[in-house]
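These are my notebook entries on a structure I went through element by element. I began with charged pairs and then moved on to helices, the surface and a few single residues.

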Amino acid sequence: MAQNSVEKTSVTLLGLGAMGSALARTWLAAGHPLTVWNRTPARADALAAEGANVADSAAEAVAANKLVVTCLLDDASVGEALAGTDLAGRDLVNLTTSTPAQARDRAAWAGDRGARYLDGGIMAVPPMIGVPEAGGYVFYSGSRELFERHQDTLAAPAGTTYVGEDAGFAALHDVALLSAMYGMFAGTAHAFALIRKEDIDPAALAPLLADWLIAMAPAVHQTADHLRTGDYTKDVVSNLAMQVAGTPTFLSTAEQQGVSSELLRPYFELMRRRLAEGGGEEDLTGLIDLLVH
């Protein structure tokens, strides 16, 4: 075991919140020598007992290893933690949630300080880290050479998906997928609200709802094909005109059930706008163009 530890890449990790702590424990379990730092030192105590080296300052932690990973609250926290540290020659991997613009700015900031930069977007919650069967993974963007150099180390906590040299692409993919998730949650919230006052067991509706969402999920491939080809009418089964004609039923049902339609109305309004522009034979892909400024 000691020999394996020597052979594994040493890692510095800044940030020991729920996600940072999960990452730290996975690297330790995989035999990677680990140096950690956290603004609140007490959070490092348990990891010290598990074999992590605890640095007294971020600068000390950065100096300990070439590979430096940040998993902090936000982009401002990254700047504050790394202020005054010597990043020259370091490989900086930022797993802090940020916007694409922040990631690009942070990449330039790191480059100005002599560091190579890789940005990450974590598609997992802490209990999924270190559990391959849970399906969690991390988007990475920035230096391809840097990603390939450290891919094995980065893959210890979760799967890795490289999405491009543009440092902002990991954050963009992260937010795109999470935005779709919240849209799904909005739809399920409305569905459960419709039955809330009825003698219908939510637990009985849940598997029907889950199966329906799974059945509809492949529609994203047709949307992608329409966007790629520019033909929004290809293989359309339920065209926009037909769908718009059905929207009053959804709104009337919500009103009759005493449920606000505020989660549905904005989308239905986009549908009506696209129809007014002549998109009646399309599917819903054209709504995407209405969203883009």
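Entry on charged pairs. I looked up Arg39 first and found that it forms a salt bridge with Glu80, with the closest N and O atoms 3.8 Å apart. Arg39 sits in the loop between strand S2 (34-37) and helix H3 (45-49), while Glu80 belongs to helix H5 (residues 75-82), so this pair ties together parts that are 41 residues apart in sequence. I note here that the model is predicted. I then checked the accessibility of both partners: Arg39 counts as exposed because its relative accessibility is 53%, and Glu80 is exposed as well, with a relative accessible area of 52%.

I next looked at a pair that also involves H5, in which the side chains of Asp75 and Arg106 meet in a salt bridge at 3.1 Å, N to O. Since Asp75 lies in helix H5 and Arg106 in helix H6 (residues 100-112), the pair ties together parts that are 31 residues apart in sequence. Are these two residues buried or exposed? I found that Asp75 is buried and that Arg106 is buried too.

The third pair I looked up is Glu145 with Arg149, whose side chains meet in a salt bridge at 3.1 Å, N to O. The two are four residues apart in helix H7 (residues 144-154), which means that about one helical turn separates them. Glu145 counts as partly exposed at 37% relative accessibility, and Arg149 counts as partly exposed at 47%. I followed the shared partners further and found one network of salt bridges that joins Asp91, Arg116, Glu145 and Arg149. For the whole model, the count comes to 12 salt bridges.

Entry on helix H11. I compared the length of H11 with what its residue count predicts: at 1.5 Å a residue, its 17 residues should span 24 Å, and the end C-alpha atoms are 25 Å apart, which agrees. I also recorded a bend of about 30° at Gly246, with a proline, Pro248, following within four residues. Which residues of H11 are buried? I noted Leu240, Val244, Thr247, Leu251 and Ala254 as buried in this helix, and what covers the buried residues of H11 includes H8, helix H12 (265-276) and helix H13 (286-291).

Entry on the surface. I looked for nonpolar side chains at the surface and found a patch of about 690 Å², made by Leu178, Tyr182, Met184, Phe185, Trp212, Leu213 and Met216. The elements that give two or more residues to this patch are helix H8 (169-195) and helix H9 (202-216), and the largest share, four residues, comes from H8. I singled out Met216, which lies in helix H9 and counts as partly exposed because its relative accessibility is 40%.

Entry on single residues. I checked backbone angles and stopped at Asp235, whose phi is near 55°, a positive value in a residue other than glycine. Asp235 has its place in the loop between helix H10 (219-229) and helix H11 (240-256), and with a relative accessible area of 57% it is exposed. I ended with Ser21, which lies in helix H2 (residues 18-29) and is buried, with a relative accessible area of 12%. Not counting residues up to four places away in sequence, Ser21 touches Leu16 and Leu47.

Notes: Residues are numbered from 1 along each chain as its sequence is written. This is a predicted model: local features need pLDDT of at least 70, side-chain atom pairs count only at pLDDT 80 or more; totals for chains, interfaces and linings use all residues. Side-chain values use heavy atoms; hydrogens and water are left out. Patches are made of residues with over 30% relative accessible area and no salt bridge: like charges are joined within 9 Å, nonpolar side chains (Val, Leu, Ile, Met, Phe, Trp, Tyr) within 5 Å. Accessible areas come from the Shrake-Rupley method with a 1.4 Å probe; for residues, only the protein chains shown count as cover. A salt bridge is a side-chain nitrogen of Lys or Arg within 4 Å of a carboxyl oxygen of Asp or Glu. Buried means under 20% relative accessible area, exposed over 50%, partly exposed in between (1.4 Å probe, protein chains only). Contact means heavy atoms within 4.5 Å. The expected span of a helix is 1.5 Å times one less than its number of residues. The bend at a residue is the angle between axes fitted to the seven residues ending there and the seven starting there.
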